[in-house]
Amino acid sequence: MIGTLTRQGYRSHACDLRTRTVVCELLLRNRSPRLADLTDEALVRLQEILTECLGDRPKA
């Protein structure tokens, strides 16, 4: 995933760190170390969890 983003031009140390952090959180919450296990349903479920935890924040 990081390689794909880098090839598409997304590259900075801060971006790399944030991307890795988000991917790690996704894998931990999904209880699987495999990217292939990150289904649309898993991503929606994670979004619901984060929305519940963080609440609706105004968009900048």
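Confidence in this predicted model varies along the chain: the mean pLDDT is lowest in helix H1 (residues 2-7), at 71, and highest in H3, at 82. Over the chain, pLDDT averages 78, and 78% of the residues score at least 70. Where pLDDT is low, the predicted coordinates should not be read in detail.

The secondary structure consists of 3 helices and 0 strands, which gives the pattern α-α-α when read along the sequence. Of the 60 residues in the chain, 17% are buried. The exposed surface of the chain comes to about 5,300 Å², of which carbon and sulfur atoms supply 57%.

The largest nonpolar core contains 5 residues, namely Val23, Leu26, Leu27, Leu38 and Leu46. Helix H2 provides the largest share of this core, with 3 residues. For one of the core members, leucine 26, the contacts beyond four places in sequence are with Leu38, Leu43 and Leu46. Two of these partners, Leu38 and Leu46, are also listed in the core. Leucine 26 also lies 8.6 Å from alanine 42, C-alpha to C-alpha, across a separation of 16 residues in sequence.

Alanine 42 belongs to helix H3, which spans residues 40-54. Its relative accessibility is 7%, and alanine 42 therefore counts as buried, the cut-off being under 20%. When residues up to four places away in sequence are set aside, alanine 42 touches Asn30 and Asp37.

The contact between alanine 42 and Asn30 leads to a polar residue in helix H2. Asparagine 30 is placed in this helix, which covers residues 13-30. With a relative accessible area of 15%, asparagine 30 falls under the 20% limit and is therefore classed as buried. Residues touched by asparagine 30, apart from those up to four places away in sequence, are Asp37, Leu38, Ala42 and Arg45. Among them, Leu38 is a member of the largest nonpolar core, while Ala42 is itself buried. The side chain of asparagine 30 also reaches the backbone oxygen of aspartate 37, at a distance of 2.9 Å. Aspartate 37 is thus contacted by asparagine 30 and also by alanine 42.

How values were computed
Residues numbered from 1 in each chain as written. Predicted model: local features only at pLDDT ≥ 70, side-chain atom pairs only at ≥ 80, totals over all residues. Heavy atoms only, no water. Helix = DSSP H or I, 4+ residues; strand = E, 2+ residues; numbered from the N terminus. Buried < 20%, exposed > 50% of the residue type's maximum accessible area, 1.4 Å probe, protein only. Polar contact = N/O pair within 3.5 Å; in protein donor to acceptor, adjacent residues only side chain to side chain. Contact = heavy atoms within 4.5 Å. Areas by Shrake-Rupley, 256 points an atom, 1.4 Å probe, with all protein chains shown as cover. Core = buried A, V, L, I, M, F, W, Y, C linked by side-chain atoms within 4.5 Å. pLDDT = per-residue confidence, 0-100.
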